[in-house]
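Here are my notes for you on this model. Have a look at the fold below, then follow the points one by one.

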Amino acid sequence: MKPRSNCVGIIGHDHCGSTALCRLLATVPGLSVGGELHWLIDVPPSVDSVPMRAGWHVSRWCAVHGDSCDALGKEFTSQLRDSASLYEVARGRLGGGVLISSDKYPSFFERHARAGQMLGIVLFKHPYRAIASDVITNRRTFEDSMSLWSSDYSKILGWAPRYCQDVFWLRYESFAREPRSVLDDLCDFIGVERTTGPAILATDYHFIGGNAPARSRADIAIDEKWKGFLTPEMQRTIDDNEGVRKVLESLESRCRDG
Ligand SMILES: [Zn+2]
């Protein structure tokens with residue numbers, strides 16, 4: 001079986017579930033998962049890490065193995081300068097399989113992946129979950145978070161089919177509920193052999209960036225913290241927001257399970 005591309009980008013908003021999806025894909029032979037690879041270039045060479053909004057730091061080397069990681073450790077990342085070949089160089093370091101990058105935002109893929117060649121997985125959570133996580137973690141206002149969710153995905157709806165060779169539209173909730181069947185579909189989409197046995201999250205894998213709880217969680221959780229956070233009025237505001245509703249309908253209509 002020949003893969004359809006040597007690069008797959010996970011595209012979406014903050015907190016779309018990309019770290020869990022990467023850990024699921026990291027169990028598939030022939031896939032080389034690296035996480036948010038743009039940080040290899042975007043953490044300035046003079047520092048080891050940059051602070052993030054929610055009080056954590058993103059480090060310039062592998063978050064799982066630390067600075068001594070044999071693939072994306074200090075020795076390698078301190079020499080990286082060339083943005084144009086970042087994905088290709090990282091792919092070699094990660095074993096030479098199909099590279100999985102969870103850089104998420106179109107601007108990063110435009111810098112590091114060639115138009116028309118990358119396969120895209122557009123990953124999204126129900127807006128209740130996405131907006132609640134964003135407000136809690138990034139300390140944005142509810143209104144800002146709601147408009148950011150719809151503007152980001154509105155852009156992705158237009159961009160992904162233009163930029164990618166092909167797109168797989170994926171609801172986080174589908175993959176959390178039925179990881180085995182979603183993983184089979186993703187293997188078919190990428191063009192690698194399906195795995196057998198239960199779908200599990202890798203514990204030994206390489207990862208740049210991502211959020212710490214998602215990197216170590218034991219199973220694929222459907223996050224329910226929105227229930228204690230969004231009041232019924234806020235839920236109605238989201239339901240009634242025309243931008244959010246249209247974008248969600250468009251995303252859902254593109255998913256294989258409708
Ligand atoms: Zn590592």
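1. Let's begin with a term: a contact means heavy atoms within 4.5 Å. Among contacts in the protein between residues at least 6 apart in sequence, 76% join residues at least 24 apart.

2. A word on the origin: this is a predicted model, where local features need pLDDT of at least 70, side-chain atom pairs count only at pLDDT 80 or more, and totals for chains, interfaces and linings use all residues. Residues are numbered from 1 along each chain as its sequence is written, and side-chain values use heavy atoms, leaving out hydrogens and water.

3. Now the overall fold. You will find 12 helices and 7 strands in the protein (DSSP runs numbered from the N terminus: H or I of at least four residues for helices, E of at least two for strands). The C-alpha trace spans about 50 × 45 × 35 Å along its principal axes.

4. How much of the protein is buried? Of the 258 residues, 53% are, where buried means under 20% relative accessible area, exposed over 50% and partly exposed in between (1.4 Å probe, protein chains only).

5. Helix 11 (residues 232-240) makes a nice example. Met 234, Gln 235 and Ile 238 are buried there. Seen down the helix axis, the buried residues fall within an arc of 100°, so they line one face of helix 11 (the arc is that of the directions from the axis to the C-beta atoms).

6. What covers that buried side of helix 11? The cover includes helix 6 (127-138), helix 7 (142-163) and helix 12 (242-254). The face turned away carries the exposed residues Pro 232, Glu 233 and Asp 240.
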